[in-house]
Amino acid sequence: TGDTMSYSDKKAYKIIHKCGHCGRKMTFCTTGKFRVNANKNRLDVWLIYQCGKCGHTLNIPVYERVPPQKIPREQYEKFLVNDSALASAYAADGSFLKHRRFILEK
């Protein structure tokens, strides 16, 4: 469909982050999934990354504490169904990850 972002030519970034289980900096890879959480009338959406060694997860904020109407409906629905193309688009967006102060490994 025309509304799906096409990022098949871009590779998802791995990130370097301290793993809460391993206790040291490790390489994390995207799981291709999102977590959506409602807190009263606000939503949080995270892209889930996972430690390459132990599987410990890391939530990377996509939206934090935003009113539901601030997220485009079509995009929100894609978050809920773990749309793989959308997850890949975020994971391949170096500026998105750098803005959140993650160290990238390609």
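The legends below describe close-up views of a predicted model.

**View 1. Helix α2 and the elements that surround its buried residues.** Helix α2 spans residues 84-91, and its buried residues are L86, A87, A89, Y90 and A91. These buried residues pack against three strands, namely β2 (25-39), β3 (42-51) and β4 (57-66), and also against the helices α1 (73-80) and α3 (94-99). At the N-terminal end of α2, D83 acts as a cap, with a side-chain oxygen placed 3.3 Å from the backbone nitrogen of A85.

**View 2. The salt bridge between R65 and D44.** A search of the whole structure finds three salt bridges, and one of them joins the side chains of R65 and D44, with an N to O distance of 2.5 Å. Because R65 belongs to strand β4 and D44 to strand β3, the pair ties together parts that are 21 residues apart in sequence. The two partners can also be described by their accessibility: R65 is partly exposed, at 47% relative accessibility, whereas D44 is buried, with a relative accessible area of 4%.

**View 3. The surroundings of D44 in strand β3.** D44, which is found in strand β3, makes a polar contact through its side chain with the side chain of R65, at 2.5 Å. When residues up to four places away in sequence are not counted, D44 touches R35, V36, N37, Y63, E64 and R65. With a relative accessible area of 4%, D44 falls under the 20% limit and therefore counts as buried.

**View 4. Two salt bridges within helix α1.** The side chains of E77 and R73 meet in a salt bridge with an N to O distance of 3.2 Å, and both residues lie in helix α1, four residues apart, or about one turn of the helix. E77 is partly exposed, with a relative accessible area of 39%, while R73 is exposed, with a relative accessible area of 58%. A salt bridge is also formed by the side chains of E74 and K78, where the N to O distance is 3.7 Å. E74 and K78 likewise lie in helix α1, four residues apart, which is about one turn of the helix. Of these two residues, E74 is partly exposed, at a relative accessible area of 40%, and K78 is buried, at 16%. An α-helix has 3.6 residues a turn, so residues three or four places apart point the same way.

**View 5. Aromatic pairs that involve F79.** The structure holds five aromatic pairs, and one of them is the edge-to-face pair of F34 and F79, with 4.7 Å centre to centre and 70° between the planes. Since F34 lies in strand β2 and F79 in helix α1, this pair ties together parts that are 45 residues apart in sequence. Both rings belong to buried residues, F34 having a relative accessible area of 7% and F79 having 1% relative accessibility. F79 also pairs with Y63 in an edge-to-face arrangement, at 6.0 Å centre to centre and 75° between the planes. Y63 lies in strand β4 and F79 in helix α1, so the pair ties together parts that are 16 residues apart in sequence. Taken together, ring pairs link F34, Y63, F79, Y90 and F96 into a cluster; Y90, one of the members of this cluster, is also among the buried residues of helix α2.

**View 6. Strand β1 and its two pairing partners.** Strand β1 (residues 14-18) and strand β5 (residues 103-105) run antiparallel and are joined by three bridges, with I16 standing opposite I103 in β5. β1 also pairs with β2 in the antiparallel sense, over four bridges, and here H17 stands opposite M26 in β2. The hairpin of β1 and β2 has six residues between the strands, and in this hairpin G23 takes a positive phi near 80°.

Methods: Residues are numbered from 1 along each chain as its sequence is written. Side-chain values use heavy atoms; hydrogens and water are left out. Buried means under 20% relative accessible area, exposed over 50%, partly exposed in between (1.4 Å probe, protein chains only). Contact means heavy atoms within 4.5 Å. A polar contact is a pair of N or O atoms within 3.5 Å; within protein, one must be able to donate a hydrogen and the other to accept it, and residues adjacent in sequence count only if both atoms are side-chain atoms. A salt bridge is a side-chain nitrogen of Lys or Arg within 4 Å of a carboxyl oxygen of Asp or Glu. Rings of Phe, Tyr and Trp (its six-membered ring) pair if their centres lie within 6.5 Å; planes under 30 degrees apart count as stacked, over 60 as edge-to-face and the rest as tilted. Two strands pair if DSSP finds at least two bridges between them.
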